[in-house]
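Here is a short tour of a two-chain model, written to be read with the coordinates open beside you. We take each chain in turn, then the place where they meet.

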Amino acid sequence: MESLMAIVIGILFSIGTYLILSNQMLRIILGLSLISHAINIMIIVMGGLKTGGPPLLSNSDRGFTDAVPQALILTAIVINFAVTAFLLVLSYRTYKKHGTDDMNNLRGNEHE
Amino acid sequence: MNNLLIFPVILPLIAGLIFILLPKQIRLQRLLAIITLAIVTGISILIMNQVSANGTQTLQLGGWQAPFGIGLVADMFAILLVLTTSVVAFCCILFSFQTIGRNRENHYFHSLFLFLITGVNGSFLTGDLFNLYVFFEVLLLASYVLVSLGGQKKQLRETMKYVIINILSSAFFLIGIAYMYRVTGTLNLAHISVRIAESGQDGFITTVAILFLLVFGIKAGLFLFYWLPGSYSAPPAAISAVFAALLTKVGIYAIIRMFTLIFYHEPEVTHLFIGILAALTLILGGIGAVGYWDINKILTYNVIIGTGFILAGIAAFTESGTLGSIYYLINDMIVKSLIFLIGGVIIYLTGTSNLKEMSGLIRNHPYLGWMFFIAALSLIGIPPLGGFIGKIFITRGAFEAGYFWLGAIGLIVSLMILYSIFKIFMNAFWGETIISEDEEKGTTKGVMIPIVFLTVLTIGLGLGAELINGYVELAVDGLLNPQMYIDAVFGGNEIP
């Protein structure tokens, strides 16, 4: 199971990297979002998959699943959500103001 | 257990939240912001004295013992930075009243500023790796909005790059945390340190250490600083001053904390790598500072040089090197905010940031000119000002550790700082006065108080070094003996 998840994470990472390397804003944002998802899955896998029951005292006979990675990705997802929302609004404003969503045209040496 | 520790984190947070509820009461917001930061400064001094009397203070939140709960840890190094942060933030917000503009104040500038301080203080005080990530995000999210607040073309463009790069580096931070959790099974910094000391720092852990170095290096502007000159010159002076003084320093703090508390077993690999990156940062920053004719650009490249210096001292990893780094770090926070504020006033007066279009400001503004001169000398490291002590100990530390090349590069780059800063001084303040007092785009009324205050501080840091030396030596002790930090966190409890 862990090896399979490792491959999934690798695929998500490569798609994310490919998207970040393009020059359209929206693709970059989607790429960042995919990489964040890949990392969330990675944190879960790092805690070990399917070993033991829920961390409740009544289920103590099978050993516990590690709850910490789940708490971690919950926090990471919320933060990622807020940052992505901000980034989407920001990219929309930038697009409106500059009239382009091409990062190559946002170098900013020519004007001003 | 010391409940005072929560206040530097939670007071700015509460104040910022209250400001959101009072969007129209700008005067009240200003007053509350000042009071909050003054109280935080007072509390930091109080904690500092407790730390110096009773050793490292900790607070296990919710009463959960380490390593199960998330704790705040104030050793001398952290609390010195919290204190400097509060003082610098106090001065920058005082400066912002005159310069930031009503429009930004109506759009939650004060809230965002205090959230930023929350994140910075939290990052300094936290004793948990994941909590460090959360506080990083708090301060980064506030900084994203502060850079883009105002919505000018340049700001939006630079914020895009700033945000994208920081999200990516935060992603790598999470990868590092995931690996760390897999290897050690814990996220408490002290506990990680114990576990790694038990198992030994093998090749894998060293690789994770380098990953962390790259993550914090992006935030600190260590070698991977390509985003910094653009985004730090976009916002107005009060904001860029607080960024220059605090944001990169959080990254530097994280590097110092990680590589003195956790990854200290293989200095010939990791610390040498830090040294090489610091040397490259110094050289590239120096070239950038010398090459530009724009005040903002010159000053931002000086921020990068400062990062190089501080980490050169850490790379040496000797007592003098670390001592120098801490002195330099504290002075750099003060003097960078000072010089950014003065640079902001110059731009404010002349309406341009191009050095070739200004001249002779010293005739109408003698005090501003001489204070810039003092700040410049302190930045370069001329005795008896604050920058001197840091620089001499860093150089000595580098020589002691046998990194002669690092010390030499540091000294050569000091000359580059001298050239770049005096380029500003000679072009902006000397020469024929081409702009009369009536033609000036702004006034210096009301902005001189924070500038004078910061100037006095940097002089005081040099002349009164003897007074704070005891505190700084304690901080060095704490950094070089990780056991002190670990003992304070676990407080005699059994380490699982």
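Of the 112 residues in chain A, 24% count as buried, where buried means that 20 or more other C-beta atoms lie within 10 Å of the residue's own, exposed means 12 or fewer, and partly exposed lies in between, with C-beta atoms placed from the backbone. This is a predicted model, in which local features need pLDDT of at least 70, side-chain atom pairs count only at pLDDT 80 or more, and totals for chains, interfaces and linings use all residues. Residues are numbered from 1 along each chain as its sequence is written, while chains are lettered from A and ligands numbered from 1 in the order in which they are written.

**The two chains overall**

Chain A has three helices and zero strands, giving the pattern α-α-α along the sequence. Helices (H or I, at least four residues) and strands (E, at least two) are DSSP runs, numbered from the N terminus. Chain B, for its part, has 20 helices and two strands.

| Chain | C-alpha span along principal axes | Radius of gyration | Compact-globule value | Buried residues |
|---|---|---|---|---|
| Chain A, 112 residues | about 70 × 25 × 15 Å | 19 Å | near 13 Å | 24% |
| Chain B, 496 residues | about 70 × 55 × 45 Å | 21 Å | near 23 Å | 61% |

The radius of gyration is taken over C-alpha atoms, and the globule rule is 2.2 Å times the number of residues to the power 0.38. For chain B the value of 21 Å agrees with the rule, whereas chain A has 19 Å where a compact globule would have a radius near 13 Å.

Contacts tell a related story. Two residues are in contact if their C-beta atoms, placed from the backbone, lie within 7 Å. Among contacts with a separation of 6 or more, residues 24 or more positions apart account for 51% in chain A and for 81% in chain B.

**Helix α2 and the strand pair of chain B**

How far apart are the end C-alpha atoms of helix α2 (residues 26-54) of chain B? They are 41 Å apart, which agrees with the 42 Å expected for 29 residues at 1.5 Å a residue; the expected span is 1.5 Å times one less than the number of residues. Buried residues of α2(B) include B:Ala33, B:Leu37, B:Val40, B:Ser44, B:Ile47 and B:Val51. An α-helix has 3.6 residues a turn, so residues three or four places apart point the same way. The buried residues of α2(B) pack against α1 (7-21), β1, β2, α3 (76-99), α5 and α19 of chain B. After the helix comes B:Gly55, with a positive phi near 85°.

β1(B) and β2(B) run antiparallel and are joined by four bridges; strands pair if DSSP finds at least two bridges between them. B:Gln60 stands opposite B:Gly71 in β2(B). From β2(B), B:Gly71 and B:Val73 point one way and B:Leu72 and B:Ala74 the other, and all are buried. In a regular strand the side chains alternate between the two faces of the sheet.

Helix α20 (residues 482-490) of chain B also meets this pair: its buried residues pack against β1 (57-60), β2 (71-74), α8 (189-199), α11 (237-262) and α19 (465-480). Those buried residues are B:Tyr485, B:Ile486, B:Ala488, B:Val489 and B:Phe490. Just after α20(B), B:Gly491 has a positive phi of about 55°.

**Backbone details worth a look**

Most residues other than glycine have a negative phi, and most peptide bonds are trans. B:Tyr108 has a positive phi, near 65°, and sits in the loop between α4 (102-106) and α5 (109-125) of chain B. Is B:Tyr108 buried or partly exposed? With 18 other C-beta atoms within 10 Å, B:Tyr108 is partly exposed.

B:Phe317 also has a positive phi, near 60°, in the loop between α13 (295-316) and α14 (319-350) of chain B. B:Phe317 counts as buried, because 25 C-beta neighbours lie inside 10 Å.

The peptide bond from B:Pro383 to B:Pro384 is cis, with omega near 10°. B:Pro384 belongs to the loop between α15 (366-380) and α16 (386-400) of chain B.

**Where the chains meet**

The contact takes 26 residues from chain A and 23 residues from chain B. On the side of chain A that touches chain B, α2 (25-46) and α3 (68-98) of chain A each supply at least two residues, and α3(A) gives the most, with 15 residues.
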